[in-house]
Amino acid sequence: MHWQSLVDHQLPTLISIRRQLHRYPELAFQEYRTARLINDTLLANGLITRTGIAATGVVGLLTGNGRDSRTIAIRADMDALPIQEQTSLPFASAIPNVMHACGHDGHVAIALGAALVLKQIQHHLPGNVKFIFQPAEEGPGGAKPMIEQGVLQDPAVSAIFGFHLTNSLPVGTIGVCYNEACASTNELKLTILGEGGHGAHPHHSVDTIVVAAEIILALQSIASRQVNPLQPFVLTIGTIEGGYTNNAIADQVKLWGTVRTLSSTLRATIPEKIERLVAGITAAHQASYRFEYNEGYPPLLNNQALTALVAHSAATIVGGGNVVEMEPSMGGDDFAYFALKLPACYFRIGSGSADCTFPGHHPQFNFAEAAIGYGVKTLVQAVLEYFGVEDLEK
């Protein structure tokens with residue numbers, strides 16, 4: 001039996017696992033039920049496990065035959081989002097206001113599938129495979145604390161694969177990026193402070209809503225006039241909070257936004273550009289401000305050689321015409337922390353179909369479950385190619 005038949009045989013089990021996870025989603029650092037299911041599955045199939053890493057993270061280790069000292073890792077995130085599901089799926093979330101709206105339930109199923117299949121051909125593996133099930137990718141981030149708690153050691157990991165389902169690609173398609181794959185995520189918090197008063201007498205006040213409006217518009221000039229137009233950059237103000245009633249001048253306005261770049265060098269220059277602009281506008285209006293800028297996940301940079309290996313492996317599974325070179329995403333992923341430490345490839349698994357068109361983070365998101373099989377096969381083939389294992393029978 002060819003090992004790909006093992007994937008086909010496991011697929012109903014993996015779909016069942018995915019649906020269990022979808023039915024009972026858990027938020028960041030609360031993935032206890034999810035972690036138990038993962039750990040029980042790995043132990044039942046003979047892998048060595050470690051639990052409780054960064055609260056809920058799980059690691060499974062599959063040892064090779066010792067002919068290669070290297071260890072390749074596969075990372076899957078496992079947290080859900082605070083979204084009320086609006087699908088009519090029979091396995092829709094049973095937890096109010098919590099939903100697997102980004103496919104992490106599928107990511108867990110794919111990584112578990114790779115573990116189960118590789119276990120059955122373990123004697124052919126020269127080196128080790130480590131399976132990292134990570135909490136809190138949606139925030140505040142579980143990759144960094146898992147690294148700090150030694151997830152890349154004992155044995156030391158040589159390279160790592162990450163992946164994400166995407167409905168922007170049809171099922172049966174694999175997407176790769178040879179350099180930047182995801183943007184940095186940074187948080188902007190700004191409070192404009194003025195002086196309140198009656199709406200009929202604005203000359204006796206400092207109107208923070210007017211100041212905030214000018215700042216919101218002026219912030220976009222950073223992208224249009226202060227950043228090289230060939231460098232991707234996004235600044236979005238997502239929330240505005242201020243004011244009491246229709247005929248009163250607001251004494252303060254709070255703005256909250258996100259800043260995205262693909263360049264670490266550009267990223268480092270943005271806070272000063274923002275604050276210089278805010279300081280000038282508030283001074284012109286005799287207002288003041290409080291400015292807070294928090295750096296989130298760094299840009300995610302793929303290793304070109306490892307990405308080429310994944311692209312070749314994927315072509316073996318889906319055909320070369322179905323391996324697509326993608327543009328980087330301005331979305332972020334804390335897999336970037338792994339990519340800072342060792343060679344990494346973060347690729348995308350097509351999961352779109354006529355019935356699965358909504359993007360991630362949408363309350364009606366669902367993905368074509370056939371994508372699980374393609375994901376497992378691509379990962380297994382990539383592991384085999386990484387260790388130089390030729391095509392084999394079971």
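Helices (H or I, at least four residues) and strands (E, at least two) are DSSP runs, numbered from the N terminus. This is a predicted model, in which local features need pLDDT of at least 70, side-chain atom pairs count only at pLDDT 80 or more, and totals for chains, interfaces and linings use all residues. Residues are numbered from 1 along each chain as its sequence is written, and side-chain values use heavy atoms, with hydrogens and water left out.

**Stop 1: Thr-56**

Start with the loop between strand 1 and strand 2, and select Thr-56 there. Is Thr-56 buried or exposed? Its relative accessibility is 2%, so Thr-56 counts as buried. Buried means under 20% relative accessible area, exposed over 50%, and partly exposed in between (1.4 Å probe, protein chains only).

Now show the surroundings of Thr-56. Contact means heavy atoms within 4.5 Å. Leaving out residues up to four places away in sequence, Thr-56 touches Phe-29, Gln-30, Glu-31, Tyr-32, Ala-35, Met-78 and Pro-135. With one of these, Glu-31, the Thr-56 side chain makes a side-chain polar contact of 2.6 Å. A polar contact is a pair of N or O atoms within 3.5 Å; within protein, one must be able to donate a hydrogen and the other to accept it, and residues adjacent in sequence count only if both atoms are side-chain atoms.

**Stop 2: strand 2 and its partners**

Select residues 57-62, which are strand 2. Six of the six residues are buried, so strand 2 is largely enclosed by the rest of the structure. Check both faces. Gly-57, Val-59 and Leu-61 are buried on one side, and Val-58, Gly-60 and Leu-62 are buried on the other.

Add strand 1, residues 48-53. Two strands pair if DSSP finds at least two bridges between them. Strand 1 and strand 2 pair in the antiparallel sense over five bridges. Thr-49 has Gly-60 as its bridge partner in strand 2. Three residues lie between the strands of this hairpin, and Ala-54 takes a positive phi near 50 degrees.

Next add strand 4, residues 128-134. Strand 4 also pairs with strand 2 in the antiparallel sense, over five bridges. Here the bridge partner of Val-59 is Ile-132.

**Stop 3: the cores**

A nonpolar core is a set of buried Ala, Val, Leu, Ile, Met, Phe, Trp, Tyr and Cys residues joined through side-chain atoms within 4.5 Å. Which residues have the most contacts inside the largest core? Select Trp-3, Ile-74, Val-129, Phe-131, Phe-133 and Phe-161; this core has 70 residues. Helix 3 (residues 104-120) gives the most to it, with 10 residues. Another core lies apart, with 27 residues, among them Met-146, Leu-152, Tyr-297 and Tyr-346.

**Stop 4: rings**

Rings of Phe, Tyr and Trp (its six-membered ring) pair if their centres lie within 6.5 Å; planes under 30 degrees apart count as stacked, over 60 as edge-to-face and the rest as tilted. The count comes to six aromatic pairs. Select Phe-291 and Tyr-293 for a tilted pair, 6.2 Å centre to centre with 35 degrees between the planes. Phe-291 is partly exposed at 21% relative accessible area, whereas Tyr-293 is buried at 16%.

Move to Tyr-386 and Phe-387, an edge-to-face pair at 5.3 Å centre to centre and 75 degrees between the planes. Tyr-386 is buried, with a relative accessible area of 13%. Ring pairs also link Phe-335, Phe-338 and Tyr-346 into a cluster.

Finish with Arg-70, whose charged end sits over the ring of Tyr-386, 4.3 Å from its centre. A charge sits over a ring if NZ of Lys or CZ of Arg is within 6 Å of the ring centre and within 35 degrees of the ring normal.
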